[in-house]
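Got the viewer open? Here is a short walk through the fold, one selection at a time.

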Amino acid sequence: MNTNKTILSICNRCRDGKEDDLKSRGGQRFLDNFLNKIKNNKILNLKVRSVACMSQCKRSCVISLTSENNFTYVFGDIIPDNQEFTSELFNLIRTYSNSPNGFLRRGERPQLFRSNILGRLPSIVSNSDLVTYLYKS
Ligand code: FES
């Protein structure tokens, strides 16, 4: 089990085309939905932060999960007012926090987070079989 604190970043600047009608951006609404839900469903060892743009604006709404010495994941195409995304994000965080090096297999991820990975980045120091060091100076 990964005992490091998991950090969830949610882009609060992502647009979903409903900003004019709903008077807030999709990313901010998703962040608000998540924070409301976590009040009654605490997740241990979790830090949540907002980020003003994660440079994946065309795939909004965007989040990332990271923790020390583990893989970092970026996910997009989140529909902010769909409560299933909020619920499944809780499951995704638990799966991520329980994996040995933060690696998330496709079949272990909640359905809504299976085909919307925008990036999987190794930690600075990684012992994963997926990473091969080729040059050092
Ligand atoms: S505004 Fe959300 S990724 Fe750019």
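**Start with strand E1**

Select E1 and look at how well it is covered: 6 of its 6 residues are buried. Keep in mind that this is a predicted model. Now show the side chains of E1, residues 6-11. Thr 6, Leu 8 and Ile 10 point one way, while Ile 7, Ser 9 and Cys 11 point the other way, and all are buried.

**Out to the neighbours of E1**

Add E2 to the selection. E1 and E2 run parallel, joined by 6 bridges. Zoom in on Leu 8, and you'll find Val 48 as its bridge partner in E2.

Then swing round to E3, where the pairing with E1 is antiparallel and spans 4 bridges. Leu 8 is your landmark here too: in E3, Leu 65 stands opposite Leu 8.

**On to E4**

Next, select E3 (residues 63-66) together with E4 (residues 72-75); these two run antiparallel, with 3 bridges between them. To see where they face each other, pick Ile 63, which has Phe 75 of E4 opposite.

**The sheet as a whole**

Time to zoom out and colour the strands. What is their order in the sheet? Reading across, you get E2-E1-E3-E4-E5: an open sheet of 5 strands with mixed pairing. Look at the two edges, E2 (46-51) and E5 (117-121): each has a single partner strand, so one side of each is left without a neighbour in the sheet. Tilt the view and you can follow the twist from strand to strand, since neighbouring strands are turned by 15° against each other on average, direction ignored.

**Helix H2 on the sheet**

Now bring in H2, residues 26-40, which packs on the sheet. H2 touches E1, E2 and E3, and its direction makes about 140° with that of E1.

**Where H2 meets H3**

Leave H2 on and add H3, residues 83-98. The two axes come within 10 Å and cross at roughly 60°, which makes H2 oblique to H3. The crossing is right-handed.

For the last stop, show side chains at this contact:

- From H2, select Phe 30, Asn 33, Phe 34, Lys 37 and Ile 38.
- From H3, select Gln 83, Phe 85, Thr 86, Ser 87, Leu 89, Phe 90 and Ile 93.

Colour them by character, and the residues of this contact between H2 and H3 divide into 7 nonpolar, 4 polar and 1 charged.

Note on methods
Residues are numbered from 1 along each chain as its sequence is written. This is a predicted model: local features need pLDDT of at least 70, side-chain atom pairs count only at pLDDT 80 or more; totals for chains, interfaces and linings use all residues. Side-chain values use heavy atoms; hydrogens and water are left out. Two strands pair if DSSP finds at least two bridges between them. Axes are lines fitted to C-alpha atoms, for helices over the stretch in contact, and angles run from 0 to 180 degrees between N-to-C directions. Contact means heavy atoms within 4.5 Å. Buried means under 20% relative accessible area, exposed over 50%, partly exposed in between (1.4 Å probe, protein chains only). Angles under 35 degrees count as roughly parallel, over 145 as roughly antiparallel, 65 to 115 as roughly perpendicular and the rest as oblique. A crossing is left-handed if the near helix is turned anticlockwise from the far one by less than a right angle, and right-handed if clockwise. Ala, Val, Leu, Ile, Met, Phe, Trp, Tyr, Cys and Pro count as nonpolar, Asp, Glu, Lys and Arg as charged, and the others, Gly among them, as polar.
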